[in-house]
Amino acid sequence: MNDTMRNVTAAYPDTLGAAGLLTIDLGALAENYRLLSVKAAPARAAAVVKADAYGLGAEKVVPVLLAAGCRDFFVAHFSEALKLRPLISGDARLFVLNGLLPGDEETCADAGIIPVLNGMEQVTRWKEEAAFRETTLPAALQFDTGMSRLGLSMDEARVLAADPQGLDGISLEILMSHLACADEQEHAANGAQLGVMQEAAALFPGVPVCFANSGGLFLTGDFKGALCRPGIALYGGNPSPDMENPMKPVVTLDVAVVQTRSVPAGTAIGYGGTLVADKPMRLAVISAGYADGLPRSLSSRGAAYWNGIRLPIAGRVSMDSIILDITALPEGTLKLGDRVEIIGQHQTLEQIAADAGTISYEILTSLGARYRRVYRNALPVSA
Ligand SMILES: *Cc1c(COP(=O)(O)O)cnc(C)c1O
């Protein structure tokens, strides 16, 4: 190939063919861990790294958190724990929130992973594993304090606490429960759940309490216990919509324009022709859609940004592309290959989530595999 025959220059040589650029600021992640640690003190801050660290890449996220001083990690599924175990060793603990399915006890004990025991059946099986090994196995014990999701009922907790052999072979590392309404600071359920948690903790004296998620850390009251369990706040999400976001943004997302066109009034735009141009319009097609985690509920609702100018989504979100109304931009401004902002300086994660009728958690964990991921500010030099 003769180079002089090419008259194009690669504007973005770092994208490896991807049309979307997802940047993840690991420095901001470390800073968020520090902020949450300060907020949690004198309790310690763990890190919830389930769902591939909320979609950001657990293999990249975990070493940064370890270097920042985090020693307690939570995943949801046992499969996630097995995958991350080689990264989390030594004095760091790795907990499985959803507990163990029957048959996973041996592998779990071999790997030194700590199950959250959510019911009496799980307590029994973990005791049996300990007895078989003639050893003591660590566990977290979870109570249902009012969410009706995972954990022992208070009746079960009382029976267990009253049984002198109830926890034979199990060393309780933490007592835990989860808040259903921590993102609503004034919600009465928070205080009610705290009351039940304190009752449960009194049944197992001396065991550290682990209660608050991101939102719980910002509640007024005795929610912190000995160990807090933030997830979304680490990744830059707002722990509570009731306040300005105190966290550093971690994620930015920019997507390339793959075509622009002008259409006369009366032109149908996108699948189903749900939008018809009411005037001459200019459109840009960008190369990301619902398969890339931009939900179909953004159809004719959300927007992208170009140099601070809002470019509304026009018509339905497709699987692989979205049509933007760029009539607000002077003709010729946006060209093939230019990138528009989906998450960044002008549009927060919360904003796009709100436009989609969902929460930041769902946007982050759905981001998909087709973006080029760039990790900035990798590990700080000093651990
Ligand atoms: C996901 C989860 C967390 C983290 O919650 P955030 O709101 O993301 O901080 C903590 N505890 C449990 C049990 C969870 O399922």
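# Reading the terms in this structure

Analyst: Asp155, Val159 and Ala162 of helix 7 are exposed, and they lie on the side of helix 7 away from its buried residues. The model is a predicted one, in which local features need pLDDT of at least 70 and side-chain atom pairs count only at pLDDT 80 or more, whereas totals for chains, interfaces and linings use all residues. Residues are numbered from 1 along each chain as its sequence is written, and side-chain values use heavy atoms, with hydrogens and water left out.

User: Which residues of helix 7 are called buried, and what makes a residue buried or exposed?

Analyst: Buried means a relative accessible area under 20%, exposed means over 50%, and partly exposed covers what lies in between, with a 1.4 Å probe and protein chains only. In helix 7, which spans residues 154-162, the residues that count as buried are Met154, Ala157 and Leu160. A helix here is a DSSP run of H or I with at least four residues, a strand is a run of E with at least two, and both are numbered from the N terminus.

User: How do you know on which side of helix 7 Met154, Ala157 and Leu160 lie?

Analyst: The buried residues cover an arc of only 120 degrees around the axis, taken from the directions from the helix axis to the C-beta atoms, and this puts them on the same side of helix 7. Among the elements that cover these buried residues are helix 6 (120-133), strand 7 (137-142) and helix 8 (188-203), where contact means heavy atoms within 4.5 Å.

User: Why does Arg125 count as buried?

Analyst: Arg125 lies in helix 6, and its relative accessibility is 14%, so Arg125 falls under the cut-off and counts as buried. Leaving aside neighbours within four places in sequence, Arg125 is in contact with Leu100, Leu101, Pro102, Gly103 and Glu105.

User: Is Gly103 buried or exposed, and how far apart are Gly103 and Arg125 in sequence and in space?

Analyst: Gly103 is found in the loop between strand 5 (93-96) and helix 5 (105-111), and with a relative accessible area of 56% Gly103 is over the upper cut-off and therefore exposed. Gly103 and Arg125 are 22 residues apart in sequence, while their C-alpha atoms are 9.3 Å apart in space.

User: Why is Pro208 called partly exposed?

Analyst: The relative accessible area of Pro208 is 34%, which lies between the two cut-offs, so Pro208 is called partly exposed. Pro208 is in the loop between helix 8 and strand 9 (209-210), and, not counting residues up to four places away in sequence, Pro208 touches Glu173, Ile174, Leu175 and Ala226. The C-alpha atoms of Pro208 and Met176, 32 residues apart along the chain, are separated by 8.7 Å.

User: How do you know where the largest pocket lies with respect to the domains?

Analyst: Domain bounds come from an automatic or database domain assignment, and the protein is divided into domain 1 (3-21 + 250-376) and domain 2 (42-235). Both domains give residues to the lining of the largest pocket, which is why this pocket lies between them. The C-alpha centres of domain 1 and domain 2 lie 39 Å apart, and the contact takes nine residues from domain 1 and nine from domain 2.

User: What makes a space a pocket or a cavity, and what volumes do the largest pocket and the largest cavity have?

Analyst: On a 1 Å grid over the protein atoms alone, a cavity is a set of points where a 1.4 Å probe fits but cannot get out, whereas a pocket is an open set with protein on both sides within 12 Å along at least five of seven lines, and lining residues have an atom within 4 Å of a point. The largest pocket holds about 780 Å³ of space. Of the 35 residues that line the largest pocket, Tyr54, His178, Asn213, Ile359 and Tyr361 are the closest to its centre. The search of the whole structure finds three cavities of 30 Å³ or more, and the largest cavity has about 50 Å³ of space. His178 also appears in the lining of the largest cavity, together with residues including Gln142, Phe143 and Ser177.

User: How many lining residues of the largest pocket are called nonpolar, polar or charged?

Analyst: Ala, Val, Leu, Ile, Met, Phe, Trp, Tyr, Cys and Pro count as nonpolar, Asp, Glu, Lys and Arg as charged, and the others, Gly among them, as polar. By that rule the lining of the largest pocket has 18 nonpolar, 12 polar and five charged residues, while the lining of the largest cavity has three nonpolar, five polar and two charged residues.

Key:
Points joined across faces, edges and corners; volume = space filled by probe spheres on them.
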